[in-house]
Amino acid sequence: MQTTMTSLIEINKLNLYYGSFHALKNVSMRIPEKAITAFIGPSGCGKSTLLRTLNRMNDMIPGTRIEGEISISGTDIYSGSVDVETLRKKVGMVFQQPNPFPKSIYDNIAYGPRLHGIRDRKTLDEIVETSLRSAVLWEEVKDYLKRSAFSLSGGQQQRLCIARALAVNPDILLMDEATSALDPISTLKIEELVQELKNRYTIVMVTHNMHQAARVSNQTVFFLNGEVVEYDETEKLFSNPSDQRTEDYISGRFG
Amino acid sequence: MRSDAVPTRESMFKNRKTHLMDRIMPVVLFLCATLSILTTIGIVFTLIGETFNFFRQIPFIDFITGTKWSPLIEPKSFGIWPLISGTLLITVIACLVAVPLGLASAIYLSEYAHKRVRGIVKPILEVLAGVPTIVYGYFALSLVTPVIRSLFSDAGVFNALSAGIVVGIMIIPMVCSLSEDAMTAVPRSLRDGAYALGATRFEVALKIVVPAAFSGIVASAVLAFSRAIGETMIVTVAAGSTPKLTGNPLESIQTMTAYIVQVSLGDTPHGSVEYGTIFAVGMTLFVITFLLNILAQYVARRFREEY
(Lines give C-alpha, C1' and ligand atoms only; values in the text may rest on other atoms or scores of the structure.)
Protein backbone atom coordinates (compact mmCIF):
# COMPACT_ATOMS: atom_id res chain seq x y z
CA MET A 1 0.00 0.00 0.00
CA GLN A 2 1.44 3.30 -1.09
CA THR A 3 2.15 5.76 1.66
CA THR A 4 2.81 8.79 -0.51
CA MET A 5 -0.88 9.75 -0.47
CA THR A 6 -2.22 11.47 2.60
CA SER A 7 -5.04 9.60 4.20
CA LEU A 8 -8.18 11.57 4.93
CA ILE A 9 -10.20 8.95 6.72
CA GLU A 10 -8.72 6.69 9.34
CA ILE A 11 -10.65 3.80 10.75
CA ASN A 12 -9.29 2.14 13.83
CA LYS A 13 -10.51 -1.19 15.23
CA LEU A 14 -14.11 -0.49 14.38
CA ASN A 15 -16.78 -2.87 15.63
CA LEU A 16 -20.42 -2.36 14.85
CA TYR A 17 -23.40 -4.27 16.20
CA TYR A 18 -27.03 -4.23 15.11
CA GLY A 19 -28.56 -5.47 18.33
CA SER A 20 -26.76 -8.76 18.87
CA PHE A 21 -25.58 -9.06 15.26
CA HIS A 22 -21.90 -8.30 14.87
CA ALA A 23 -21.91 -6.52 11.50
CA LEU A 24 -18.37 -5.12 11.36
CA LYS A 25 -15.49 -6.92 13.02
CA ASN A 26 -12.36 -5.09 13.99
CA VAL A 27 -12.12 -3.02 10.82
CA SER A 28 -9.08 -0.79 10.38
CA MET A 29 -8.05 1.12 7.28
CA ARG A 30 -6.81 4.41 5.94
CA ILE A 31 -8.64 5.94 3.03
CA PRO A 32 -6.48 8.26 0.91
CA GLU A 33 -7.45 11.77 -0.06
CA LYS A 34 -8.57 12.65 -3.61
CA ALA A 35 -8.74 9.08 -4.79
CA ILE A 36 -11.41 6.50 -5.35
CA THR A 37 -11.70 3.70 -2.86
CA ALA A 38 -14.05 0.83 -3.69
CA PHE A 39 -15.64 -1.55 -1.20
CA ILE A 40 -16.47 -4.92 -2.70
CA GLY A 41 -17.82 -8.16 -1.31
CA PRO A 42 -20.93 -10.34 -1.35
CA SER A 43 -24.29 -9.13 -0.02
CA GLY A 44 -24.41 -8.68 3.73
CA CYS A 45 -20.63 -8.49 4.12
CA GLY A 46 -20.78 -5.11 5.84
CA LYS A 47 -19.52 -2.86 3.04
CA SER A 48 -22.60 -0.62 2.99
CA THR A 49 -22.66 -0.58 6.78
CA LEU A 50 -19.11 0.70 6.89
CA LEU A 51 -19.90 3.32 4.25
CA ARG A 52 -22.83 4.54 6.33
CA THR A 53 -20.71 4.89 9.45
CA LEU A 54 -18.65 7.51 7.61
CA ASN A 55 -21.51 10.04 7.61
CA ARG A 56 -23.25 8.49 10.60
CA MET A 57 -26.34 7.47 8.68
CA ASN A 58 -26.35 4.35 10.87
CA ASP A 59 -27.22 6.54 13.84
CA MET A 60 -30.83 6.43 12.80
CA ILE A 61 -31.11 2.65 12.93
CA PRO A 62 -32.23 1.78 16.46
CA GLY A 63 -30.05 -0.74 18.27
CA THR A 64 -26.82 0.18 16.50
CA ARG A 65 -23.74 0.15 18.70
CA ILE A 66 -20.28 1.23 17.68
CA GLU A 67 -16.84 0.62 19.20
CA GLY A 68 -13.52 1.88 17.91
CA GLU A 69 -12.68 5.07 16.15
CA ILE A 70 -13.25 6.78 12.82
CA SER A 71 -11.50 10.04 12.21
CA ILE A 72 -11.81 12.37 9.27
CA SER A 73 -9.00 14.92 8.89
CA GLY A 74 -7.95 14.00 12.39
CA THR A 75 -11.32 14.52 14.08
CA ASP A 76 -13.03 11.57 15.72
CA ILE A 77 -16.49 11.78 14.13
CA TYR A 78 -18.11 9.76 16.90
CA SER A 79 -16.92 12.02 19.69
CA GLY A 80 -19.65 13.84 21.55
CA SER A 81 -18.64 17.28 20.39
CA VAL A 82 -19.14 16.50 16.69
CA ASP A 83 -22.20 18.03 15.08
CA VAL A 84 -23.76 15.32 12.92
CA GLU A 85 -25.35 17.82 10.52
CA THR A 86 -22.02 19.52 9.84
CA LEU A 87 -20.39 16.12 9.39
CA ARG A 88 -22.99 15.13 6.80
CA LYS A 89 -22.45 18.40 5.02
CA LYS A 90 -18.77 17.52 4.67
CA VAL A 91 -19.47 13.91 3.75
CA GLY A 92 -22.00 13.76 0.94
CA MET A 93 -23.83 10.62 -0.04
CA VAL A 94 -25.43 9.17 -3.16
CA PHE A 95 -27.77 6.24 -2.78
CA GLN A 96 -28.55 3.07 -4.67
CA GLN A 97 -31.88 4.28 -6.03
CA PRO A 98 -31.88 7.80 -7.43
CA ASN A 99 -33.87 9.73 -4.81
CA PRO A 100 -34.53 13.23 -6.09
CA PHE A 101 -36.96 15.25 -3.98
CA PRO A 102 -40.41 15.78 -5.50
CA LYS A 103 -39.40 19.31 -6.45
CA SER A 104 -37.97 21.08 -9.48
CA ILE A 105 -34.45 20.39 -10.72
CA TYR A 106 -33.38 23.78 -9.40
CA ASP A 107 -34.92 23.28 -5.98
CA ASN A 108 -33.33 19.85 -5.66
CA ILE A 109 -29.86 21.35 -6.01
CA ALA A 110 -30.67 24.43 -3.96
CA TYR A 111 -32.15 22.37 -1.13
CA GLY A 112 -28.85 21.73 0.64
CA PRO A 113 -27.45 25.27 0.35
CA ARG A 114 -30.79 26.70 1.52
CA LEU A 115 -30.74 24.32 4.45
CA HIS A 116 -27.39 25.72 5.46
CA GLY A 117 -28.59 29.28 5.31
CA ILE A 118 -27.91 30.54 1.79
CA ARG A 119 -30.84 32.69 0.71
CA ASP A 120 -29.33 35.01 -1.88
CA ARG A 121 -30.84 34.26 -5.27
CA LYS A 122 -27.69 34.99 -7.25
CA THR A 123 -25.48 32.83 -5.06
CA LEU A 124 -27.99 30.01 -5.33
CA ASP A 125 -28.11 30.36 -9.12
CA GLU A 126 -24.33 30.06 -9.23
CA ILE A 127 -24.26 27.04 -6.94
CA VAL A 128 -26.93 25.31 -9.02
CA GLU A 129 -25.01 25.90 -12.22
CA THR A 130 -21.61 24.87 -10.84
CA SER A 131 -23.01 21.75 -9.21
CA LEU A 132 -24.87 20.70 -12.35
CA ARG A 133 -21.76 21.34 -14.42
CA SER A 134 -19.66 19.27 -12.03
CA ALA A 135 -22.14 16.43 -12.43
CA VAL A 136 -22.06 16.86 -16.23
CA LEU A 137 -25.78 17.48 -16.30
CA TRP A 138 -25.90 21.21 -16.97
CA GLU A 139 -26.03 21.03 -20.76
CA GLU A 140 -28.92 18.59 -20.63
CA VAL A 141 -31.11 20.46 -18.15
CA LYS A 142 -30.14 24.13 -18.27
CA ASP A 143 -33.34 25.07 -20.11
CA TYR A 144 -35.60 22.99 -17.88
CA LEU A 145 -34.51 23.98 -14.39
CA LYS A 146 -38.10 24.59 -13.31
CA ARG A 147 -39.24 21.15 -14.41
CA SER A 148 -39.86 18.37 -11.93
CA ALA A 149 -36.83 16.25 -11.21
CA PHE A 150 -38.98 13.24 -12.03
CA SER A 151 -39.10 14.25 -15.68
CA LEU A 152 -35.46 13.14 -15.92
CA SER A 153 -34.32 9.63 -16.85
CA GLY A 154 -32.93 7.33 -14.15
CA GLY A 155 -29.33 8.09 -15.09
CA GLN A 156 -29.97 11.83 -15.16
CA GLN A 157 -31.74 11.59 -11.81
CA GLN A 158 -28.70 9.91 -10.33
CA ARG A 159 -26.41 12.62 -11.70
CA LEU A 160 -28.85 15.15 -10.25
CA CYS A 161 -28.44 13.46 -6.88
CA ILE A 162 -24.67 13.70 -7.27
CA ALA A 163 -25.01 17.39 -8.12
CA ARG A 164 -27.27 17.83 -5.10
CA ALA A 165 -24.62 16.28 -2.87
CA LEU A 166 -21.89 18.47 -4.41
CA ALA A 167 -23.94 21.62 -3.87
CA VAL A 168 -23.13 21.71 -0.15
CA ASN A 169 -19.43 21.57 -0.98
CA PRO A 170 -18.39 18.31 0.67
CA ASP A 171 -14.85 16.93 0.95
CA ILE A 172 -15.92 13.33 0.69
CA LEU A 173 -18.50 11.70 -1.53
CA LEU A 174 -19.93 8.33 -0.51
CA MET A 175 -21.60 6.30 -3.24
CA ASP A 176 -23.70 3.36 -2.11
CA GLU A 177 -24.04 1.14 -5.19
CA ALA A 178 -24.95 4.28 -7.04
CA THR A 179 -25.12 2.63 -10.45
CA SER A 180 -26.79 -0.65 -9.60
CA ALA A 181 -30.25 0.62 -10.62
CA LEU A 182 -29.02 2.10 -13.91
CA ASP A 183 -28.58 0.86 -17.45
CA PRO A 184 -25.05 0.26 -18.83
CA ILE A 185 -24.83 3.58 -20.69
CA SER A 186 -25.91 5.63 -17.68
CA THR A 187 -23.52 3.58 -15.58
CA LEU A 188 -20.68 4.41 -17.91
CA LYS A 189 -21.50 8.13 -17.71
CA ILE A 190 -21.45 8.03 -13.93
CA GLU A 191 -18.16 6.15 -13.94
CA GLU A 192 -16.63 8.80 -16.20
CA LEU A 193 -18.03 11.47 -13.94
CA VAL A 194 -16.55 9.84 -10.87
CA GLN A 195 -13.13 9.82 -12.57
CA GLU A 196 -13.49 13.57 -13.05
CA LEU A 197 -14.61 14.16 -9.50
CA LYS A 198 -11.71 12.36 -7.85
CA ASN A 199 -9.47 15.31 -8.68
CA ARG A 200 -11.48 17.38 -6.26
CA TYR A 201 -13.15 14.96 -3.88
CA THR A 202 -12.32 11.87 -1.92
CA ILE A 203 -14.66 9.19 -3.16
CA VAL A 204 -15.66 6.02 -1.39
CA MET A 205 -17.91 3.73 -3.35
CA VAL A 206 -19.65 0.49 -2.53
CA THR A 207 -20.20 -1.69 -5.53
CA HIS A 208 -21.65 -5.07 -6.25
CA ASN A 209 -19.89 -5.06 -9.53
CA MET A 210 -16.27 -6.17 -9.30
CA HIS A 211 -15.55 -5.01 -12.81
CA GLN A 212 -16.67 -1.55 -11.87
CA ALA A 213 -14.30 -1.53 -8.93
CA ALA A 214 -11.50 -2.70 -11.22
CA ARG A 215 -12.33 -0.06 -13.86
CA VAL A 216 -12.83 2.92 -11.64
CA SER A 217 -11.09 2.75 -8.29
CA ASN A 218 -7.56 3.36 -7.08
CA GLN A 219 -7.90 1.29 -3.93
CA THR A 220 -10.11 -1.69 -3.33
CA VAL A 221 -11.23 -3.22 -0.06
CA PHE A 222 -12.62 -6.74 -0.06
CA PHE A 223 -15.08 -7.56 2.72
CA LEU A 224 -16.36 -10.90 3.87
CA ASN A 225 -18.72 -11.52 6.81
CA GLY A 226 -18.02 -8.15 8.36
CA GLU A 227 -14.26 -8.41 8.13
CA VAL A 228 -11.78 -6.75 5.84
CA VAL A 229 -10.09 -9.60 4.02
CA GLU A 230 -7.79 -7.56 1.86
CA TYR A 231 -7.09 -3.92 1.21
CA ASP A 232 -4.75 -2.87 -1.56
CA GLU A 233 -4.10 -0.95 -4.73
CA THR A 234 -6.88 -1.95 -7.11
CA GLU A 235 -4.48 -3.21 -9.74
CA LYS A 236 -2.61 -5.34 -7.28
CA LEU A 237 -5.73 -6.71 -5.61
CA PHE A 238 -7.24 -7.83 -8.87
CA SER A 239 -4.09 -9.12 -10.54
CA ASN A 240 -2.29 -10.61 -7.63
CA PRO A 241 -4.44 -10.94 -4.50
CA SER A 242 -2.61 -12.05 -1.41
CA ASP A 243 -5.54 -13.84 0.19
CA GLN A 244 -7.04 -17.02 -1.21
CA ARG A 245 -10.61 -15.84 -0.40
CA THR A 246 -10.08 -12.65 -2.41
CA GLU A 247 -8.90 -14.69 -5.35
CA ASP A 248 -11.91 -16.99 -5.07
CA TYR A 249 -14.26 -14.02 -4.99
CA ILE A 250 -12.78 -12.03 -7.85
CA SER A 251 -12.47 -15.09 -10.03
CA GLY A 252 -16.18 -15.69 -9.47
CA ARG A 253 -15.98 -18.84 -7.41
CA PHE A 254 -18.55 -17.45 -4.96
CA GLY A 255 -20.58 -14.30 -4.34
CA MET B 1 -45.41 -38.20 -6.61
CA ARG B 2 -45.31 -38.16 -10.39
CA SER B 3 -49.09 -38.21 -10.74
CA ASP B 4 -49.25 -34.87 -8.89
CA ALA B 5 -47.59 -33.12 -11.77
CA VAL B 6 -50.42 -34.02 -14.17
CA PRO B 7 -53.84 -32.54 -13.31
CA THR B 8 -56.34 -35.32 -12.74
CA ARG B 9 -60.01 -35.26 -13.73
CA GLU B 10 -61.10 -34.69 -10.13
CA SER B 11 -59.02 -31.59 -9.63
CA MET B 12 -60.48 -30.16 -12.81
CA PHE B 13 -64.00 -30.58 -11.46
CA LYS B 14 -62.98 -28.69 -8.36
CA ASN B 15 -61.81 -25.90 -10.57
CA ARG B 16 -65.25 -25.70 -12.17
CA LYS B 17 -66.83 -25.15 -8.76
CA THR B 18 -64.47 -22.33 -8.02
CA HIS B 19 -65.38 -20.84 -11.37
CA LEU B 20 -69.04 -20.90 -10.39
CA MET B 21 -68.21 -19.13 -7.13
CA ASP B 22 -66.14 -16.69 -9.10
CA ARG B 23 -69.22 -15.84 -11.11
CA ILE B 24 -71.61 -15.55 -8.17
CA MET B 25 -69.41 -13.59 -5.80
CA PRO B 26 -68.96 -10.50 -7.96
CA VAL B 27 -72.74 -10.25 -8.32
CA VAL B 28 -73.26 -10.51 -4.55
CA LEU B 29 -70.55 -7.97 -3.89
CA PHE B 30 -71.92 -5.69 -6.57
CA LEU B 31 -75.36 -5.79 -4.92
CA CYS B 32 -73.80 -4.85 -1.60
CA ALA B 33 -72.05 -1.91 -3.20
CA THR B 34 -75.25 -0.87 -5.00
CA LEU B 35 -77.19 -0.86 -1.74
CA SER B 36 -75.07 1.92 -0.30
CA ILE B 37 -75.22 3.89 -3.53
CA LEU B 38 -79.02 3.52 -3.65
CA THR B 39 -79.27 4.72 -0.07
CA THR B 40 -77.29 7.81 -0.93
CA ILE B 41 -79.42 8.47 -3.99
CA GLY B 42 -82.55 8.00 -1.88
CA ILE B 43 -81.34 10.52 0.70
CA VAL B 44 -80.44 13.08 -1.94
CA PHE B 45 -83.81 12.70 -3.70
CA THR B 46 -85.83 13.06 -0.49
CA LEU B 47 -83.76 16.09 0.38
CA ILE B 48 -84.24 17.68 -3.03
CA GLY B 49 -87.98 16.91 -3.14
CA GLU B 50 -88.74 18.29 0.31
CA THR B 51 -86.52 21.30 -0.32
CA PHE B 52 -88.50 22.13 -3.47
CA ASN B 53 -91.72 21.87 -1.49
CA PHE B 54 -90.33 24.29 1.03
CA PHE B 55 -89.26 26.83 -1.58
CA ARG B 56 -92.75 26.79 -3.08
CA GLN B 57 -93.92 28.43 0.13
CA ILE B 58 -90.90 30.52 1.09
CA PRO B 59 -89.09 32.50 -1.64
CA PHE B 60 -85.56 31.20 -2.22
CA ILE B 61 -84.21 34.76 -2.31
CA ASP B 62 -85.48 35.45 1.24
CA PHE B 63 -83.84 32.24 2.42
CA ILE B 64 -80.46 32.88 0.86
CA THR B 65 -80.19 36.61 1.64
CA GLY B 66 -82.03 36.87 4.95
CA THR B 67 -80.10 37.62 8.11
CA LYS B 68 -82.76 36.64 10.61
CA TRP B 69 -83.73 33.05 11.37
CA SER B 70 -86.92 32.70 13.32
CA PRO B 71 -89.12 30.07 11.67
CA LEU B 72 -90.96 29.00 14.82
CA ILE B 73 -91.76 32.30 16.50
CA GLU B 74 -93.76 35.20 15.08
CA PRO B 75 -92.85 37.34 13.20
CA LYS B 76 -91.50 34.47 11.17
CA SER B 77 -88.32 34.94 9.22
CA PHE B 78 -86.38 32.46 7.12
CA GLY B 79 -82.90 33.91 6.54
CA ILE B 80 -80.30 31.11 6.64
CA TRP B 81 -77.24 33.24 7.38
CA PRO B 82 -77.39 33.12 11.20
CA LEU B 83 -77.27 29.31 11.03
CA ILE B 84 -74.45 29.36 8.47
CA SER B 85 -72.44 31.82 10.53
CA GLY B 86 -73.01 29.75 13.67
CA THR B 87 -71.89 26.61 11.90
CA LEU B 88 -68.83 28.25 10.39
CA LEU B 89 -67.87 29.81 13.72
CA ILE B 90 -67.86 26.37 15.36
CA THR B 91 -66.06 24.80 12.42
CA VAL B 92 -63.35 27.43 12.21
CA ILE B 93 -62.65 27.24 15.95
CA ALA B 94 -62.60 23.45 15.72
CA CYS B 95 -60.14 23.50 12.83
CA LEU B 96 -57.92 26.07 14.55
CA VAL B 97 -57.69 23.57 17.40
CA ALA B 98 -57.53 20.33 15.44
CA VAL B 99 -55.32 21.05 12.43
CA PRO B 100 -52.22 22.37 14.27
CA LEU B 101 -52.51 19.86 17.11
CA GLY B 102 -53.36 16.96 14.82
CA LEU B 103 -50.56 17.80 12.42
CA ALA B 104 -48.06 18.26 15.24
CA SER B 105 -48.95 14.89 16.73
CA ALA B 106 -48.75 13.32 13.29
CA ILE B 107 -45.26 14.76 12.77
CA TYR B 108 -44.26 13.50 16.20
CA LEU B 109 -45.62 10.02 15.55
CA SER B 110 -44.19 9.61 12.08
CA GLU B 111 -40.81 11.35 12.48
CA TYR B 112 -39.82 11.25 16.12
CA ALA B 113 -41.64 8.56 18.05
CA HIS B 114 -40.09 5.18 18.58
CA LYS B 115 -41.89 2.28 16.97
CA ARG B 116 -43.05 1.09 20.38
CA VAL B 117 -44.44 4.50 21.37
CA ARG B 118 -46.29 4.74 18.07
CA GLY B 119 -47.68 1.26 18.56
CA ILE B 120 -49.25 2.41 21.83
CA VAL B 121 -50.25 6.01 21.04
CA LYS B 122 -51.89 5.47 17.66
CA PRO B 123 -54.47 2.91 18.81
CA ILE B 124 -55.30 5.14 21.81
CA LEU B 125 -55.88 8.08 19.49
CA GLU B 126 -58.13 5.94 17.39
CA VAL B 127 -60.12 4.93 20.47
CA LEU B 128 -60.56 8.63 21.17
CA ALA B 129 -62.29 8.85 17.80
CA GLY B 130 -64.79 6.27 18.99
CA VAL B 131 -65.99 8.17 22.07
CA PRO B 132 -69.71 8.99 21.64
CA THR B 133 -70.11 12.66 20.79
CA ILE B 134 -72.71 13.18 23.51
CA VAL B 135 -69.94 12.47 26.02
CA TYR B 136 -67.88 15.20 24.39
CA GLY B 137 -70.92 17.48 24.61
CA TYR B 138 -71.15 17.15 28.37
CA PHE B 139 -67.38 17.40 28.61
CA ALA B 140 -67.71 20.80 26.92
CA LEU B 141 -70.58 21.93 29.11
CA SER B 142 -69.29 20.75 32.46
CA LEU B 143 -65.54 21.21 32.08
CA VAL B 144 -64.58 23.56 29.26
CA THR B 145 -67.38 26.10 29.66
CA PRO B 146 -66.64 26.82 33.36
CA VAL B 147 -62.97 27.43 32.48
CA ILE B 148 -63.95 29.79 29.67
CA ARG B 149 -66.42 31.63 31.91
CA SER B 150 -63.77 32.09 34.57
CA LEU B 151 -61.46 33.60 31.96
CA PHE B 152 -64.04 35.72 30.12
CA SER B 153 -66.70 37.06 32.43
CA ASP B 154 -69.08 37.93 29.59
CA ALA B 155 -69.18 34.39 28.19
CA GLY B 156 -72.57 32.72 28.27
CA VAL B 157 -73.42 29.31 29.72
CA PHE B 158 -73.87 28.24 26.14
CA ASN B 159 -71.18 29.58 23.88
CA ALA B 160 -69.57 28.83 20.55
CA LEU B 161 -66.02 28.79 21.89
CA SER B 162 -66.51 25.88 24.26
CA ALA B 163 -68.36 23.78 21.69
CA GLY B 164 -65.83 24.71 18.98
CA ILE B 165 -62.84 23.71 21.09
CA VAL B 166 -64.38 20.38 21.99
CA VAL B 167 -65.41 19.64 18.39
CA GLY B 168 -61.77 20.38 17.60
CA ILE B 169 -60.59 17.91 20.23
CA MET B 170 -62.97 15.35 18.82
CA ILE B 171 -61.51 15.61 15.30
CA ILE B 172 -57.82 15.68 16.33
CA PRO B 173 -57.49 11.88 16.05
CA MET B 174 -58.87 12.03 12.55
CA VAL B 175 -56.46 14.74 11.39
CA CYS B 176 -53.59 13.03 13.16
CA SER B 177 -54.28 9.53 11.96
CA LEU B 178 -54.83 10.44 8.32
CA SER B 179 -51.89 12.87 8.16
CA GLU B 180 -49.69 10.32 9.85
CA ASP B 181 -50.65 7.72 7.26
CA ALA B 182 -49.79 10.17 4.49
CA MET B 183 -46.46 11.03 6.10
CA THR B 184 -45.49 7.43 6.80
CA ALA B 185 -46.13 6.69 3.13
CA VAL B 186 -43.37 9.13 2.13
CA PRO B 187 -40.50 6.89 1.07
CA ARG B 188 -37.56 6.41 3.42
CA SER B 189 -35.19 7.28 0.54
CA LEU B 190 -36.42 10.90 0.42
CA ARG B 191 -35.67 11.32 4.12
CA ASP B 192 -32.26 9.71 3.69
CA GLY B 193 -31.48 12.11 0.85
CA ALA B 194 -32.19 15.08 3.08
CA TYR B 195 -30.39 13.67 6.13
CA ALA B 196 -27.34 13.04 3.95
CA LEU B 197 -27.28 16.76 3.10
CA GLY B 198 -27.09 17.62 6.77
CA ALA B 199 -30.76 18.27 7.49
CA THR B 200 -31.99 17.94 11.06
CA ARG B 201 -35.00 15.82 11.94
CA PHE B 202 -37.17 18.89 12.14
CA GLU B 203 -36.00 20.17 8.76
CA VAL B 204 -36.64 16.79 7.18
CA ALA B 205 -40.12 16.69 8.70
CA LEU B 206 -41.03 20.22 7.71
CA LYS B 207 -39.36 20.61 4.33
CA ILE B 208 -39.43 17.09 2.92
CA VAL B 209 -42.07 14.98 4.59
CA VAL B 210 -44.86 17.53 5.03
CA PRO B 211 -44.62 18.86 1.42
CA ALA B 212 -44.46 15.32 0.03
CA ALA B 213 -47.48 14.30 2.09
CA PHE B 214 -49.29 17.59 1.52
CA SER B 215 -52.18 16.26 -0.52
CA GLY B 216 -52.91 13.67 2.16
CA ILE B 217 -52.68 16.31 4.85
CA VAL B 218 -55.10 18.60 2.99
CA ALA B 219 -57.46 15.70 2.55
CA SER B 220 -57.36 15.00 6.28
CA ALA B 221 -57.99 18.66 7.10
CA VAL B 222 -60.97 18.87 4.78
CA LEU B 223 -62.42 15.63 6.03
CA ALA B 224 -62.06 17.06 9.53
CA PHE B 225 -63.72 20.28 8.38
CA SER B 226 -66.66 18.36 6.94
CA ARG B 227 -66.89 16.33 10.11
CA ALA B 228 -66.94 19.52 12.19
CA ILE B 229 -69.65 21.07 10.02
CA GLY B 230 -71.80 18.00 10.42
CA GLU B 231 -71.17 17.54 14.15
CA THR B 232 -74.47 17.63 16.02
CA MET B 233 -74.47 16.48 19.62
CA ILE B 234 -71.67 18.64 20.97
CA VAL B 235 -73.13 21.83 19.53
CA THR B 236 -76.67 20.93 20.58
CA VAL B 237 -75.54 20.44 24.14
CA ALA B 238 -72.94 23.20 24.51
CA ALA B 239 -73.42 25.93 21.90
CA GLY B 240 -76.98 26.92 22.66
CA SER B 241 -80.01 27.44 20.45
CA THR B 242 -79.94 31.11 19.59
CA PRO B 243 -79.61 31.65 15.84
CA LYS B 244 -77.49 34.76 15.71
CA LEU B 245 -75.42 36.43 13.02
CA THR B 246 -72.31 37.01 15.09
CA GLY B 247 -68.58 36.43 15.03
CA ASN B 248 -68.27 36.57 18.79
CA PRO B 249 -67.36 33.08 20.04
CA LEU B 250 -68.45 33.88 23.59
CA GLU B 251 -72.09 34.18 22.63
CA SER B 252 -74.68 31.49 22.34
CA ILE B 253 -75.35 30.57 18.71
CA GLN B 254 -77.09 27.83 16.79
CA THR B 255 -75.67 25.62 14.08
CA MET B 256 -77.58 24.09 11.20
CA THR B 257 -77.35 20.64 12.73
CA ALA B 258 -78.52 21.81 16.14
CA TYR B 259 -81.49 23.52 14.51
CA ILE B 260 -82.48 20.30 12.75
CA VAL B 261 -82.36 18.49 16.09
CA GLN B 262 -84.48 21.20 17.72
CA VAL B 263 -87.22 20.93 15.09
CA SER B 264 -87.10 17.15 14.84
CA LEU B 265 -87.60 16.80 18.59
CA GLY B 266 -90.24 19.49 18.88
CA ASP B 267 -93.95 19.25 18.14
CA THR B 268 -93.78 20.85 14.71
CA PRO B 269 -96.56 19.32 12.61
CA HIS B 270 -95.46 17.06 9.76
CA GLY B 271 -95.74 18.76 6.37
CA SER B 272 -95.86 22.33 7.68
CA VAL B 273 -93.54 25.10 6.51
CA GLU B 274 -91.70 24.91 9.83
CA TYR B 275 -91.16 21.21 9.26
CA GLY B 276 -89.94 21.92 5.73
CA THR B 277 -87.18 24.17 7.04
CA ILE B 278 -85.15 21.21 8.25
CA PHE B 279 -84.89 19.91 4.70
CA ALA B 280 -83.86 23.29 3.35
CA VAL B 281 -81.26 23.57 6.09
CA GLY B 282 -80.16 20.00 5.51
CA MET B 283 -79.81 20.73 1.81
CA THR B 284 -77.68 23.80 2.57
CA LEU B 285 -75.46 21.68 4.77
CA PHE B 286 -75.20 19.07 2.03
CA VAL B 287 -74.26 21.64 -0.61
CA ILE B 288 -71.59 23.23 1.59
CA THR B 289 -69.99 19.90 2.40
CA PHE B 290 -70.17 18.86 -1.23
CA LEU B 291 -68.46 22.05 -2.43
CA LEU B 292 -65.80 21.62 0.23
CA ASN B 293 -65.02 18.13 -0.96
CA ILE B 294 -64.63 19.36 -4.52
CA LEU B 295 -62.39 22.17 -3.31
CA ALA B 296 -60.33 19.67 -1.35
CA GLN B 297 -59.84 17.44 -4.35
CA TYR B 298 -58.76 20.43 -6.39
CA VAL B 299 -56.31 21.60 -3.73
CA ALA B 300 -54.92 18.11 -3.24
CA ARG B 301 -54.36 17.73 -6.98
CA ARG B 302 -52.92 21.18 -7.39
CA PHE B 303 -50.29 20.72 -4.69
CA ARG B 304 -49.57 17.04 -5.14
CA GLU B 305 -45.89 16.18 -5.08
CA GLU B 306 -45.42 12.92 -6.92
CA TYR B 307 -42.86 10.57 -5.54
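## Two chains, one of them in two parts

Into which domains is chain B divided? Domain 1 covers 2–57 and domain 2 covers 69–302. Keep in mind that what you're looking at is a predicted model. The C-alpha centres of these two domains of chain B sit 34 Å apart. Where they touch, domain 1 of chain B puts in 6 residues and domain 2 of chain B puts in 8. On the domain 1 side of that contact you'll find 2 nonpolar, 3 polar and 1 charged residues.

## Overall build of each chain

Let's take chain A. Its secondary structure comes to 10 helices and 10 strands. Its C-alpha atoms fill a box of roughly 55 × 45 × 35 Å along the principal axes. A compact globule of 255 residues would have a radius of gyration near 18 Å, and chain A, with 18 Å, agrees with that. Of its 255 residues, 45% count as buried. Among contacts in chain A with a separation of 6 or more, 69% are between residues 24 or more positions apart.

Now for chain B, which has 13 helices and 2 strands. Its C-alpha trace spans about 90 × 60 × 35 Å along the principal axes. Here the globule rule doesn't match: 307 residues would give a radius of gyration near 19 Å in a compact globule, but chain B has 25 Å. In chain B, 38% of the 307 residues count as buried. Residues 24 or more positions apart make up 73% of the chain B contacts with a separation of 6 or more.

## Where A meets B

The contact between the chains involves 19 residues of chain A and 16 residues of chain B. On the chain A side, the elements giving two or more residues are α2 (84–90), β6 (91–94) and α3 (105–115). Of the elements of chain A, α2(A) supplies the largest share, with 4 residues. By class, the chain A side is made of 9 nonpolar, 7 polar and 3 charged residues.

## Inside chain B: helix α10 and the core

Helix α10 of chain B runs over residues 214–230. At 1.5 Å a residue, its 17 residues should span 24 Å, and the end C-alpha atoms are indeed 24 Å apart. Is this helix enclosed or exposed? Because 12 of the 17 residues of α10(B) are buried, the helix is largely enclosed by the rest of the structure. Among those buried residues are F214(B), I217(B), V218(B), A221(B), F225(B) and I229(B). The buried residues of α10(B) pack against four helices of chain B: α4 (81–112), α7 (160–184), α9 (201–212) and α13 (273–302).

The largest nonpolar core has 151 residues. Those with the most contacts inside it are I90(B), A163(B), V166(B), I171(B), V175(B) and I234(B). The largest share of this core, 15 residues, comes from α7(B). V175(B) is a handy one to click on: setting aside residues up to four places away in sequence, V175(B) touches A98(B), V99(B), G102(B), L103(B), S220(B), A221(B) and A224(B).

## Loops and backbone oddities

Most residues other than glycine have a negative phi, and most peptide bonds are trans. Keep that in mind for the next few spots. The peptide bond from E74(B) to P75(B) is cis, with omega near -5°. P75(B) lies in the loop between β1 (69–70) and β2 (77–78) of chain B. In chain A, V136(A) is not a glycine, yet has a positive phi near 50°. V136(A) belongs to the loop between α4 (121–134) and α5 (138–141) of chain A, and with 17 other C-beta atoms within 10 Å, V136(A) is partly exposed.

E177(A) also isn't a glycine, and its phi is positive, at about 50°. The loop that holds E177(A) connects β7 (172–176) and α7 (184–197) of chain A. E177(A) counts as buried because 20 other C-beta atoms lie within 10 Å.

Which residues does Q96(A) contact, leaving aside neighbours within four places in sequence? E177(A) is one of them, alongside D176(A), A178(A), S180(A) and A181(A). Q96(A) sits in the loop between β6 and α3 of chain A. Although Q96(A) and S180(A) are 84 residues apart in sequence, their C-alpha atoms are 6.4 Å apart in space. Q96(A) counts as partly exposed, with 18 C-beta neighbours inside 10 Å.

Definitions and conventions:
Residues numbered from 1 in each chain as written. Chains lettered and ligands numbered in written order. Predicted model: local features only at pLDDT ≥ 70, side-chain atom pairs only at ≥ 80, totals over all residues. Domains from an automatic or database assignment. Contact = placed C-beta atoms within 7 Å. Nonpolar A, V, L, I, M, F, W, Y, C, P; charged D, E, K, R; others polar. Rg over C-alpha atoms; globule rule 2.2 N^0.38 Å. Expected span 1.5 Å × (residues − 1). Core = buried A, V, L, I, M, F, W, Y, C linked by C-beta atoms within 7 Å.
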